[in-house]
Amino acid sequence: MGIRKFTKRRTRLVLLGAAVTLLVVAGTQWRAAIRRGRSVPDEPFRIAGNLYYVGATGVTAFLLTGPEGHVLIDGGFPETAPLIMASIAELGFDIADVDVLLNSHAHSDHAGGLRTLQEASGAELWVSEGDADVMVAGGAGDTSLGLPLRVLNFLGMSRFPAPRVDHQFSDGDTIRLGPLLLTAHVTAGHTRGCTSWSFPVHDGGRKLLAVNVCSLTLFPFVSLVEPETYPGIRADFERSFETLRNLPADLFLASHSSWFGLSRKRRQRAAAENPAEPFIDREGYLAFIDRAEARFREVLAEQR
Ligand SMILES: [Zn+2]
């Protein structure tokens, strides 16, 4: 064996090493950019009645205020929590008055900030039975992910500071805090316990039903046919479309702001006679479900 051959192999190894390093660096930078983009502070405002927007530009958080304490839905990424707290303070509310913490689903972009928010508020966290295990594990062991993402999850990606789970609930359960009443609709598929919340909001003389859609996103490599990504995932999605369609939603909310056109509606509200008007969007709500279901049918047809 000549020295040339050995040098060639070493060069190839060095090049391969450099390529892998570049990939890892690029991947890390890309992830950081996404996280930063989703953690940009956003001006808090009143959506309608006692319902306020306190989330970031991408990931949402909603504050429902009441005389006997407030309810906060979702905590964003770990780095979103301080922004949410600043938004609550800016609106003139006290984080210590938040007594109930709720979550759409146990993914790092919606559950990441819950522990910080829980520590700051002393609130009790309610998590669906289907998402509780993943929540207390800080995102580990998420079996609703497709295989490649599950491997990354196993290796430690998409983890978050685990909050304390104070209560578990199942589909149809309600949570009361003084006059506030929220109903849990387990709209599973995206995660095993993905929860959409519905609650009445009193705006002037009107009673509006707000629905915060958890997620109907189908991750890549999720299998809807046997062997399913988790047993029952296809049926869960089917039920979720039906459940959401049957809710008489007036105010359309979701865990990501782009899904319900937050920035557009925020602009429209400035010019509206009643600032709540742009958010009363049953049409947009149904169109969102239709689009998600069409995508689901497409993927299901391909997999069959
Ligand atoms: Zn998610």
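# Getting to know a predicted fold

Reader: Is F221 buried or exposed?
Author: This is a predicted model, so let's count what surrounds the residue, since a count of 12 or fewer other C-beta atoms within 10 Å means exposed. F221 has 12 other C-beta atoms within 10 Å, so the residue is exposed.

Reader: What is the phi of F221, which is not a glycine?
Author: Most residues other than glycine have a negative phi. F221 sits in the loop between strand 11 and helix 7. Its phi goes against that tendency, being positive, at about 70 degrees.

Reader: Which residue has a cis peptide bond with E226?
Author: Most peptide bonds are trans. The bond that follows E226 is cis, with omega near -5 degrees. The partner is found in the loop between strand 11 (206–213) and helix 7 (233–246). That partner is P227.

Reader: Where is D74, and is D74 buried or exposed?
Author: D74 has a positive phi of about 80 degrees although it is not a glycine. Its place is in the loop between strand 4 and helix 2. To count as buried, a residue needs 20 or more other C-beta atoms within 10 Å. D74 has 28 of them, so it is buried.

Reader: Which residues of strand 4 are buried?
Author: Good thing to ask about this strand, as both of its faces are covered. On one side the buried residues are H70 and L72, and on the other they are V71 and I73.

Reader: In which direction do strand 3 and strand 4 run, parallel or antiparallel?
Author: Strand 3 and strand 4 form a hairpin with five residues between them, and G69 in the turn has a positive phi of about 130 degrees. One bridge pairs L63 with L72 of strand 4. In total three bridges join strand 3 to strand 4, and the two run antiparallel.

Reader: Which residue of strand 5 stands opposite I73?
Author: Strand 4 is also joined to strand 5, by four bridges, and this pair runs parallel. Opposite I73 in strand 5 stands L102.

Reader: Which residues touch the most other members of the largest nonpolar core?
Author: In soluble globular proteins, nonpolar side chains tend to be buried together. Here the largest nonpolar core has 72 residues. L72 belongs to the group asked about, and beyond its neighbours within four places in sequence it contacts A61, L63, V98, L101, L117 and A123. The whole group is F62, L72, L101, L251 and L253.

Reader: How many of the residues of helix 4 are buried?
Author: Helix 4 covers residues 114–121 and is mostly covered. Its cover includes strand 4 (70–73), helix 2 (81–90), strand 5 (98–102), helix 3 (108–111) and strand 6 (124–128). The buried residues are L114, R115, T116, L117, Q118 and S121. Out of eight, that makes six.

Reader: Within what arc do the buried residues of helix 2 fall?
Author: In helix 2, the residues A81, L83, I84, S87 and I88 are buried. Looking down the helix axis, you find that they line one face, because they fall within an arc of 160 degrees.

Reader: Which residue with a positive phi follows helix 2?
Author: Among the elements that cover the buried residues of helix 2 are strand 3 (62–64) and helix 4. Helix 4 is followed by G122, with a positive phi near 75 degrees. After helix 2, with a positive phi near 95 degrees, comes G92.

Reader: How far apart in space are P200 and V211, C-alpha to C-alpha?
Author: P200 lies in strand 10 (residues 195–203). It is buried, with 20 other C-beta atoms within 10 Å, and its contacts beyond four places in sequence are L181, K207, L208 and L209. P200 and V211 are 11 residues apart in sequence, and their distance in space is 8.9 Å.

Reader: What is the radius of gyration of the protein?
Author: The C-alpha trace spans about 90 × 45 × 40 Å along its principal axes. A compact globule of 304 residues would come near 19 Å, and the protein agrees with that, at 21 Å.

Reader: What distance separates the centres of domain 1 and domain 2?
Author: The domain assignment gives domain 1 as 1–34 and domain 2 as 41–303. Taken over C-alpha atoms, their centres are separated by 41 Å.

Conventions. Residues are numbered from 1 along each chain as its sequence is written. Domain bounds come from an automatic or database domain assignment. A nonpolar core is a set of buried Ala, Val, Leu, Ile, Met, Phe, Trp, Tyr and Cys residues joined through C-beta atoms within 7 Å. Two residues are in contact if their C-beta atoms, placed from the backbone, lie within 7 Å. The arc is that of the directions from the helix axis to the C-beta atoms. The radius of gyration is taken over C-alpha atoms; the globule rule is 2.2 Å times the number of residues to the power 0.38. Two strands pair if DSSP finds at least two bridges between them.
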